[in-house]
Amino acid sequence: MKNVIVTGGTGFLGRNLIRRLCADNYHIYAVVRPESVNTDLLPKHENVTPVRCSLADLPARADLFPADCDCFFHFAWGGVNREQINSEEIHSRSREDSLAAVQFALDHGVKCFIDAGSRSEYGAEKQMFREDLECHPLVAYGRNKLKFYQQAHAMCKGSGMRFIHARIFSVYGVDDHPWSLIYTAVSKMMRNQEMELSHCTQMWNFMDVRDTSDLFMTFFEKRDMIPGNDNGIFNVATDDTRPLREFVEEIHRITNSTSELKFGAFRQGADSAMSILPDMTKVEKTFGWKARISFSEGIRHLVEQMGEENHA
């Protein structure tokens, strides 16, 4: 059985990846902060070992992990919400903690380090977001994610550990944040409640979290397919990019809702109002990978799961 390390395992992306890792018979060492009250959110499975340790302390706590760790999946990062998205203090601290995780992985002989980057790194470009595009992030979150990539990439160069920076666009699914657009829309429309929205004219892209987990596993298991001189950046999205309003209206149809959709009821901030145009060519060419779950299929699955939760 292969051993992997996961940070951020109590969060949306981390929990879903851990479930996938368990299904594939990996042993997961799930790092949680010593003071965390969310440890119970980790998936319950015999293959999951919680490890209470701060990221800053990881380099000094190699004794908590087995000697042979194949991959370090890094999702932990503070301030990923509307209120703190532009806090330089919070995101700078998350960047430093993340660099400590990279140093631990290097010292511990981990074969592969995969972290969760963000579409926020690109900024407000009006062209397809390719992995070699020059970035101009607008908020502290994006600036520090980009700086982390630059610093970590330099640390790992020539080390023998494959470093992969996965720039995630917009993911939805089971265990999503209750304040996310998709979760809010499905919840309100299932109850036929009025929903206030922006004009929703920007181009957008949504990915089912099961596809996200599958792509992260592809990065790890097919990392030898990446050319040696590659920059290590890969977009995490689908080929389905269209006006955001179309996605909202599709949810409305799928839920058979009578909710009134009040488009233009409020204005969004600069980072939220811009279009996102992910180019998935590099992922497809490198790994032969494409998202398998259509938006309509993903929403129907989410509606089913949320319906079961409401009746539990």
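This section describes the fold, the nonpolar cores, three helices and several individual residues of a predicted model.

The protein chain contains 9 helices and 13 strands. Its radius of gyration is 19 Å, close to the 20 Å that the globule rule gives for 312 residues, so the chain is as compact as a globular protein of that length. The C-alpha trace spans about 55 × 45 × 40 Å along its principal axes. Of the 312 residues, 55% count as buried. The exposed surface of the chain amounts to about 14,200 Å², and carbon and sulfur atoms supply 47% of that area. Among contacts with a separation of 6 or more, 77% are made by residues 24 or more positions apart.

The largest nonpolar core has 67 residues, of which Phe 73 and Phe 219 touch the most other members. Another core, of 28 residues, lies apart from it and includes Ala 105, Val 139, Tyr 149 and Ile 233. When neighbours within four places in sequence are left aside, Phe 219 is in contact with Ile 114, Ile 164, Ala 166, Phe 234, Asn 235, Val 236, Val 283 and Phe 287.

Phe 219 is also one of the buried residues of helix α5. This helix covers residues 209-221; at 1.5 Å a residue, its 13 residues should span 18 Å, and the end C-alpha atoms are 18 Å apart, which agrees. Helix α5 is mostly covered, with 11 of its 13 residues buried. The buried set contains Val 209, followed by Asp 211, Thr 212, Ser 213, Asp 214, Leu 215, Phe 216, Met 217, Thr 218, Phe 219 and Phe 220. At the start of α5, a side-chain oxygen of Asp 208 comes to within 2.8 Å of the backbone nitrogen of Arg 210.

Arg 210 is in turn touched by His 301, which also touches Val 174, not counting residues up to four places away in sequence. His 301 is placed in helix α9 (residues 295-310). Its relative accessibility is 25%, so His 301 counts as partly exposed. His 301 and Lys 262 are 39 residues apart along the chain, and their C-alpha atoms are separated by 25 Å.

Helix α2 (residues 88-108) has 21 residues and, at 1.5 Å a residue, should span 30 Å; the distance between its end C-alpha atoms is 30 Å, which agrees. Its buried residues are Ile 90, His 91, Ser 94, Arg 95, Ser 98, Leu 99, Ala 100, Ala 101, Val 102, Phe 104, Ala 105 and His 108. An α-helix has 3.6 residues a turn, so residues three or four places apart point the same way. The buried residues of α2 pack against strands β1 (3-7), β4 (71-74) and β5 (112-118), and against helix α3 (140-156). Just after α2, Gly 109 takes a positive phi of about 75 degrees.

Two of the buried α2 residues, Ala 100 and Ala 101, are touched by Leu 55, as are Thr 7, His 74, Ala 76 and Asp 97, not counting residues up to four places away in sequence. Leu 55 lies in the loop between β3 (48-52) and β4. At 13% relative accessibility, Leu 55 counts as buried. Leu 55 and Val 32 are 23 residues apart in sequence, with a C-alpha to C-alpha distance of 8.6 Å.

Backbone phi angles were also examined. Most residues other than glycine have a negative phi. Asn 192, which is not a glycine, has a positive phi of about 60 degrees. This residue comes just after α4, in the loop between α4 (181-190) and β8 (195-196). With a relative accessible area of 40%, Asn 192 is partly exposed. Within the preceding helix, the buried residues of α4 are Ile 182, Ala 185, Val 186, Ser 187 and Met 189.

Cys 200 likewise has a positive phi, near 55 degrees, in a residue other than glycine. Cys 200 is found in the loop between β8 and β9 (203-205). Its relative accessibility is 2%, so Cys 200 counts as buried.

How values were computed:
Residues numbered from 1 in each chain as written. Predicted model: local features only at pLDDT ≥ 70, side-chain atom pairs only at ≥ 80, totals over all residues. Heavy atoms only, no water. Helix = DSSP H or I, 4+ residues; strand = E, 2+ residues; numbered from the N terminus. Expected span 1.5 Å × (residues − 1). Buried < 20%, exposed > 50% of the residue type's maximum accessible area, 1.4 Å probe, protein only. Polar contact = N/O pair within 3.5 Å; in protein donor to acceptor, adjacent residues only side chain to side chain. Rg over C-alpha atoms; globule rule 2.2 N^0.38 Å. Contact = heavy atoms within 4.5 Å. Areas by Shrake-Rupley, 256 points an atom, 1.4 Å probe, with all protein chains shown as cover. Core = buried A, V, L, I, M, F, W, Y, C linked by side-chain atoms within 4.5 Å.
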